[in-house]
Amino acid sequence: MKVHSAEIVISAVSKAQYPDSQLPEIALAGRSNVGKSSFINTLIDRKNLARTSSKPGKTQTLNFYLIENVLHFVDVPGYGYAKVSKTERAKWGKMIETYLTDRQQLKAVVSLVDMRHEPTQDDVQMYQFLKYYEIPVIVVATKADKIPRGKWNKHESMIKKALGFEKEDDFIIFSSVTKQGKEEAWQAIESLAGI
Ligand code: GDP
């Protein structure tokens, strides 16, 4: 999709603030620093709509972006940030859980993992949580430019195995530096959003 318009609609902390709209929603989740802002910016051809995080894990809101008036991207705050207190973490968990399990407009979750490393426990938990609720997942393996192509298969297998990846889901090798995977990501999103 060629994106001409993309704008933030609301930073929501509670259900009452979710947009009153029937547009399909695609949520994006991943640990802080995984490359989520860079992924969003690459997809919408912007330099800085989703602020690249100087303070990882700072945003504790669900940010709804309206894309081309046809769908919402919902930026889920980065998990696995050690400096967030237990209370904050629990609050975060509750907010995300409510959104992911209750929102009828949610069509799929883009779950970002760093392609260079074994998925973290948080990554695995998120994937398994989504599978438990039968939510379609697009796993995006970020920072592919940092791995030689000859090793891509090995890294893909390692990530899939650790997540317990199910083959009905999409797995996309991505780089915001080379734009590798951009078209594939859009295809998966459009197909799951039904647009
Ligand atoms: P977020 O915290 O998940 O939103 O992550 P950011 O998008 O802010 O990226 C975190 C850091 O990783 C930044 O320094 C980015 O420049 C870098 N980064 C993100 N995506 C890529 C990528 O595809 N390749 C490389 N080499 N660096 C990336």
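Tutor: Two parts are in contact when heavy atoms of one lie within 4.5 Å of heavy atoms of the other. In this predicted model, helix α4, residues 152–163, lies across β5, β6 and β7.

Student: What angle does helix α4 make with β7?

Tutor: Helix α4 runs at about 140 degrees to β7. Angles are taken between N-to-C directions and go from 0 to 180 degrees. Helix α1 (residues 36–43) lies across β2, β4, β5 and β6, at about 145 degrees to β2.

Student: In what order do the strands of the sheet stand?

Tutor: The order is β1-β3-β4-β2-β5-β6-β7, in an open sheet of seven strands with mixed pairing. From one strand to the next, the twist averages 25 degrees.

Student: What makes β1 and β7 edge strands?

Tutor: Each of them, β1 (6–12) and β7 (170–173), pairs on one side only.

Student: How do you know that β1 and β3 pair?

Tutor: Pairing takes at least two bridges between the strands. Six bridges join β1 to β3 (residues 62–67), so the rule is met. The two strands run antiparallel, and Ala6 stands opposite Ile67 in β3.

Student: Why is the contact of Lys2 with Asp45 called a salt bridge?

Tutor: The cut-off is 4 Å between a side-chain nitrogen of Lys or Arg and a carboxyl oxygen of Asp or Glu. The closest N and O atoms of Lys2 and Asp45 are 3.6 Å apart, so the pair qualifies. Lys2 lies in the segment before β1 and Asp45 in the loop between α1 and β3, so the bridge ties together parts 43 residues apart in sequence.

Student: Is Lys2 buried or exposed?

Tutor: Exposed means over 50% relative accessible area. Lys2 has 54%, so Lys2 counts as exposed. Asp45, at 37%, is partly exposed.

Student: What makes Asp45 part of a network?

Tutor: Asp45 also meets Lys182 in a salt bridge, at 2.6 Å from N to O. Salt bridges that share partners thus join Lys2, Asp45 and Lys182 into one network. Lys182 has a relative accessible area of 13%, which is under 20%, so Lys182 is buried.

Student: How do you know that Asp114 and Arg31 form a salt bridge?

Tutor: Their side chains meet at 3.6 Å, N to O, which is within 4 Å, so the pair counts. Asp114 is in strand β5 and Arg31 in the loop between β2 and α1, 83 residues apart. Asp114, at 5% relative accessibility, counts as buried, whereas Arg31, at 22%, counts as partly exposed.

Definitions and conventions
Residues numbered from 1 in each chain as written. Predicted model: local features only at pLDDT ≥ 70, side-chain atom pairs only at ≥ 80, totals over all residues. Heavy atoms only, no water. Helix = DSSP H or I, 4+ residues; strand = E, 2+ residues; numbered from the N terminus. Buried < 20%, exposed > 50% of the residue type's maximum accessible area, 1.4 Å probe, protein only.
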